[in-house]
Amino acid sequence: MKLFKHLNKIVLPLLITAISAPSFAANKTGVGLGVAHDLGLGVTAQLRGTSIFFNSDAIAVDMRLQNFSNNLGTMHAYIDAGGFYRDGDGNGDYYQTGIRLPVGLSFGIAPSLEAYIQAVPHYGFSDVDYYEGFDVDGALGIRLRF
């Protein structure tokens, strides 16, 4: 699987930087774990404003740049910046890496449960020309906050 072959070159340094960097969102504390549909169906985690998504074919790491809250603190609009790697066809024939700028809304469903939806403009670099360039995807997820 090409994901693990390229993980140490591209994504691992980005992941280490993102986790060790200070949070940009002062009001996001604790840990969130859940499921999401971002670069396919997978697992999502959030720690101090750094969001990580992964599945068997992809990984994305985003850091919070800006966070806006309503008066009750139950809804947040946000802007993140990050990078991603994905196996282009799921078979390891080609891959794509890139930068992304997710813009989204997160809202509390219950005291320790949040949902989010985001638009994800991104620019991908690939070893196949027709899979390279600008695109906009979406993501939808739910997290349990600890």
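**Figure 1. Strand 8 pairs with strand 9 in this predicted model.** The two strands run antiparallel, and 12 bridges join them. Strand 9 covers residues 133-145. One pairing can be picked out by name: His122 has Asp135 of strand 9 as its bridge partner. Strand 8 itself spans residues 113-126. Further views return to strand 8.

**Figure 2. Strand 7 and strand 8 form a hairpin.** Two residues lie between these strands. Strand 7 takes in residues 103-110. Seven bridges join strand 7 to strand 8, and the two run antiparallel. Ala110 stands opposite Leu113 of strand 8.

**Figure 3. Strand 6 pairs with strand 8 and with strand 5.** Strand 6 consists of residues 95-100. With strand 8, strand 6 makes five bridges in the antiparallel sense. Arg100 has His122 of strand 8 as its bridge partner. Gln96 faces Ser126, which is also in strand 8. With strand 5, strand 6 makes six bridges, again antiparallel. Here Gly83 is matched with Ile99 of strand 6. In a regular strand, side chains alternate between the two faces of the sheet.

**Figure 4. Tyr85 and Tyr95 form a stacked aromatic pair.** The count of aromatic pairs in the model is two. In the pair shown, the ring centres are 5.9 Å apart and the planes meet at 25 degrees. Planes under 30 degrees apart count as stacked, so this pair is stacked. Tyr85 lies in strand 5 and Tyr95 in strand 6, so the pair ties together parts that are 10 residues apart in sequence. Is Tyr85 buried or exposed? Tyr85 is buried, with a relative accessible area of 1%.

**Figure 5. Asp87 is a buried residue of strand 5.** Strand 5 covers residues 75-87. Asp87 has a relative accessible area of 6%. Buried means under 20%, so Asp87 falls in that class. Asp87 and Thr97 are 10 residues apart in sequence. In space, their C-alpha atoms are 8.9 Å apart.

**Figure 6. Arg64 lies over the face of Tyr78.** The distance from Arg64 to the ring centre of Tyr78 is 4.0 Å.

**Figure 7. The largest cavity holds about 120 Å³ of space.** Rolling a probe the size of a water molecule over the atoms shows where empty space is left. The model has two cavities of 30 Å³ or more. The largest cavity has 17 lining residues. Which of them lie nearest its centre? They are Thr44, Ser51, Tyr116, Gln118 and Arg143. Strand 2 (41-47), strand 3 (50-54), strand 4 (58-69), strand 5 (75-87) and strand 8 (113-126) each give two or more residues to this lining. By class, the lining has five nonpolar, five polar and seven charged residues.

**Figure 8. The second largest cavity has a volume of about 40 Å³.** Asp38, Leu39, Phe84, Arg100, Val120, His122 and Asp137 line this cavity. Three of these residues are nonpolar, one is polar and three are charged. Two of the names appeared in an earlier view: Arg100 and His122 are bridge partners.

**Figure 9. Arg48 has a positive phi.** Most residues other than glycine have a negative phi. Arg48 is not a glycine, yet its phi is about 50 degrees. Where is Arg48 found? Arg48 is in the loop between strand 2 and strand 3. Arg48 is partly exposed, with a relative accessible area of 39%.

**Figure 10. The whole chain has one helix and nine strands.** From the N terminus on, the elements run α-β-β-β-β-β-β-β-β-β. The chain has 146 residues, and 45% of them count as buried. Tyr85 is one buried residue, and Asp87 is another.

Terms used
Residues are numbered from 1 along each chain as its sequence is written. This is a predicted model: local features need pLDDT of at least 70, side-chain atom pairs count only at pLDDT 80 or more; totals for chains, interfaces and linings use all residues. Side-chain values use heavy atoms; hydrogens and water are left out. On a 1 Å grid over the protein atoms alone, a cavity is a set of points where a 1.4 Å probe fits but cannot get out, and a pocket is an open set with protein on both sides within 12 Å along at least five of seven lines; lining residues have an atom within 4 Å of a point. Grid points are joined across faces, edges and corners, and a volume is the space filled by probe spheres set on the points. Helices (H or I, at least four residues) and strands (E, at least two) are DSSP runs, numbered from the N terminus. Ala, Val, Leu, Ile, Met, Phe, Trp, Tyr, Cys and Pro count as nonpolar, Asp, Glu, Lys and Arg as charged, and the others, Gly among them, as polar. Two strands pair if DSSP finds at least two bridges between them. Rings of Phe, Tyr and Trp (its six-membered ring) pair if their centres lie within 6.5 Å; planes under 30 degrees apart count as stacked, over 60 as edge-to-face and the rest as tilted. Buried means under 20% relative accessible area, exposed over 50%, partly exposed in between (1.4 Å probe, protein chains only). A charge sits over a ring if NZ of Lys or CZ of Arg is within 6 Å of the ring centre and within 35 degrees of the ring normal.
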